[in-house]
Amino acid sequence: MMDEKDAGPDERLSYEQARAELASVVERLEAGGTSLEESLALWERGERLAEVCQRWLDGARARIEAARSQPGT
């Protein structure tokens with residue numbers, strides 16, 4: 001992840017926070033009943049949250065791979 005001082009509000013979310021908000025966004029989209037404009041805004045928010053989650057997962061994967069490549073592990 002980025003340095004805290006350079007990060008936007010979404011970048012400061014933990015993986016768990018981003019995942020929970022993403023699940024909420026998906027739930028609202030699946031429930032329907034929102035205007036087209038609101039649905040588009042929810043979709044865009046979901047895309048941003050999915051990117052945050054993916055960065056966390058990529059970082060975790062890199063840390064695991066680095067740990068596995070160290071001698072004696």
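This tour goes through the structure one selection at a time.

Before starting, note that the model is predicted: local features need pLDDT of at least 70, side-chain atom pairs count only at pLDDT 80 or more, and totals for chains, interfaces and linings use all residues. Residues are numbered from 1 along each chain as its sequence is written, and side-chain values use heavy atoms, with hydrogens and water left out.

**Whole chain.** Show everything first. The protein has two helices and zero strands; helices (H or I, at least four residues) and strands (E, at least two) are DSSP runs, numbered from the N terminus. Its exposed area is about 5600 Å², of which carbon and sulfur atoms supply 53%. Accessible areas here come from the Shrake-Rupley method with a 1.4 Å probe, and for residues only the protein chains shown count as cover. Of the 73 residues, 16% count as buried, where buried means under 20% relative accessible area, exposed over 50%, and partly exposed in between (1.4 Å probe, protein chains only).

**Helix H1.** Select residues 15-31. This helix has 17 residues and reaches 24 Å from its first C-alpha to its last, close to the 24 Å expected at 1.5 Å a residue; the expected span is 1.5 Å times one less than the number of residues. Then pick Gly32, just after H1, which takes a positive phi of about 75 degrees.

**Asp10.** Step back to Asp10, in the segment before H1. Is this residue buried or exposed? Asp10 counts as buried because its relative accessibility is 17%. Leaving out residues up to four places away in sequence, Asp10 touches Arg45, Arg48 and Val52; contact means heavy atoms within 4.5 Å.

**The core.** Now select Leu13, Ala18, Val25, Leu42, Leu49, Val52 and Cys53, the seven residues of the largest nonpolar core. H1 and helix H2 (36-69) each supply at least two residues of this core, and H2 gives the most, with four. A nonpolar core is a set of buried Ala, Val, Leu, Ile, Met, Phe, Trp, Tyr and Cys residues joined through side-chain atoms within 4.5 Å. Keep Ala18 selected: apart from neighbours within four places in sequence, Ala18 is in contact with Leu13, Leu49, Val52 and Cys53.

**Leu40.** Finish in helix H2 with Leu40. Leu40 counts as partly exposed because its relative accessibility is 42%. Add Leu29, eleven residues from Leu40 along the chain; the C-alpha atoms of the two are separated by 9.4 Å.
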